[in-house]
Amino acid sequence: MPSLFDPIQLGAIHAANRVWMSPLTRGRSTRGHVPTPIMADYYRQRASAGLIITEGTSPSPNGLGYPRIPGLFKEAQVKGWKLVTDAVCGLNEAAAREMTAAFQARGGVLTTVAEIQAAAA
């Protein structure tokens, strides 16, 4: 029987272990819905999880349900998420790939970590 710390392959997702972090919206973005350095720290601290599902992210101003959730409809927000992907990418590529799922909600405009980072550069 596999242990919690054994790797697993689920379709295109390769997780280094079976520890998964569920989405948990923290309300730590700015009033302009820009992800912050504290969010990058939050995800970096959890990068050893086999899979991280990011918090709810609004793809448009119409999707903002409450204050201080991160957005993905302005250039500053994409740059803020770049802080997060940069923090995690070197530590756990699988987690960084999963972070792109939030960006794919934007209609697949940004589909890989490299595209997100390039868009924010």
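This is a walk through the structure, one selection at a time.

**The whole chain**

Before clicking on anything, keep in mind that you're looking at a predicted model. Show the protein as a cartoon and you'll find four helices and four strands. Follow the cartoon from the N terminus and the elements come in the order β-β-β-α-β-α-α-α.

Now switch on a surface. The accessible surface comes to about 6,300 Å², and carbon and sulfur atoms account for 59% of that. Of the 121 residues in the protein, 40% are buried. As for how the chain folds back on itself: take the contacts between residues at least 6 apart in sequence, and 55% of them join residues at least 24 apart.

**Select helix 1 (37-45)**

Helix 1 covers residues 37-45. Show the side chains of Tyr 42 and Tyr 43; both are buried. How are the two rings arranged? Their centres sit 5.2 Å apart with the planes at 85°, so this is an edge-to-face pair; the cut-off for that label is over 60 degrees.

Stay in helix 1 and select Asp 41 and Arg 44. These two make a salt bridge, with 2.4 Å between the closest N and O atoms. They're three residues apart, about one turn of the helix. Asp 41 is partly exposed because its relative accessibility is 33%, and Arg 44, at 37%, is partly exposed too.

**Add Trp 81**

Keep Tyr 43 on screen and bring up Trp 81. The ring centres are 6.4 Å apart and the planes meet at 45°, so this pair counts as tilted. Here the viewer is showing you a link between distant parts of the chain: Tyr 43 belongs to helix 1 and Trp 81 to helix 2, with their positions 38 residues apart in sequence.

Buried or exposed: which is Trp 81? Trp 81 has 1% relative accessibility, so it's buried. Tyr 43 is also at 1%, and so counts as buried. For both, the cut-off is under 20%.

Searching the whole structure turns up two aromatic pairs. Select Tyr 42, Tyr 43 and Trp 81 together and you have one aromatic cluster.

**Select helix 2 (75-89)**

Helix 2 takes in residues 75-89. Try the distance tool on its end C-alpha atoms: they're 20 Å apart, which agrees with the 21 Å that its 15 residues should span at 1.5 Å a residue.

Next, colour the buried residues of helix 2: Gln 77, Val 78, Gly 80, Trp 81, Val 84, Thr 85, Ala 87 and Val 88.

Then look at the charged side chains. Lys 79 forms a salt bridge with Glu 75, the closest N and O atoms being 3.3 Å apart. Both lie in helix 2, four residues apart, or about one turn. Glu 75 is exposed because its relative accessibility is 54%, while Lys 79, at 38%, is partly exposed.

Further along helix 2, Asp 86 pairs with Lys 82 in another salt bridge, with closest N and O atoms 2.7 Å apart. Again the partners are four residues apart in the helix, about one turn. Asp 86 has a relative accessible area of 37%, so it's partly exposed. How many salt bridges are there in the count? The count comes to three.

**Into the core**

Hide the charged residues and select Met 21, Tyr 43, Ile 52, Trp 81 and Val 84. These are the residues with the most contacts inside the largest nonpolar core, which has 14 residues. Helix 1 and helix 2 are the elements that give two or more residues to this core. Which element gives the largest share? Helix 2 does, with five residues. In soluble globular proteins, nonpolar side chains tend to be buried together.

Tyr 43 and Trp 81 should look familiar: they form the tilted aromatic pair from earlier.

**Last stop: Ser 48**

Finish in the loop between helix 1 and strand 4 (51-52), where you'll find Ser 48. Ser 48 counts as exposed because its relative accessibility is 60%; the cut-off for exposed is over 50%. Add Val 88 and check the C-alpha distance: the two residues are 40 apart along the chain, and their C-alpha atoms are separated by 9.1 Å. Val 88 is one of the buried residues of helix 2.

How values were computed. Residues are numbered from 1 along each chain as its sequence is written. This is a predicted model: local features need pLDDT of at least 70, side-chain atom pairs count only at pLDDT 80 or more; totals for chains, interfaces and linings use all residues. Side-chain values use heavy atoms; hydrogens and water are left out. Buried means under 20% relative accessible area, exposed over 50%, partly exposed in between (1.4 Å probe, protein chains only). Rings of Phe, Tyr and Trp (its six-membered ring) pair if their centres lie within 6.5 Å; planes under 30 degrees apart count as stacked, over 60 as edge-to-face and the rest as tilted. Contact means heavy atoms within 4.5 Å. Accessible areas come from the Shrake-Rupley method with a 1.4 Å probe; for residues, only the protein chains shown count as cover. A salt bridge is a side-chain nitrogen of Lys or Arg within 4 Å of a carboxyl oxygen of Asp or Glu. A nonpolar core is a set of buried Ala, Val, Leu, Ile, Met, Phe, Trp, Tyr and Cys residues joined through side-chain atoms within 4.5 Å. The expected span of a helix is 1.5 Å times one less than its number of residues.
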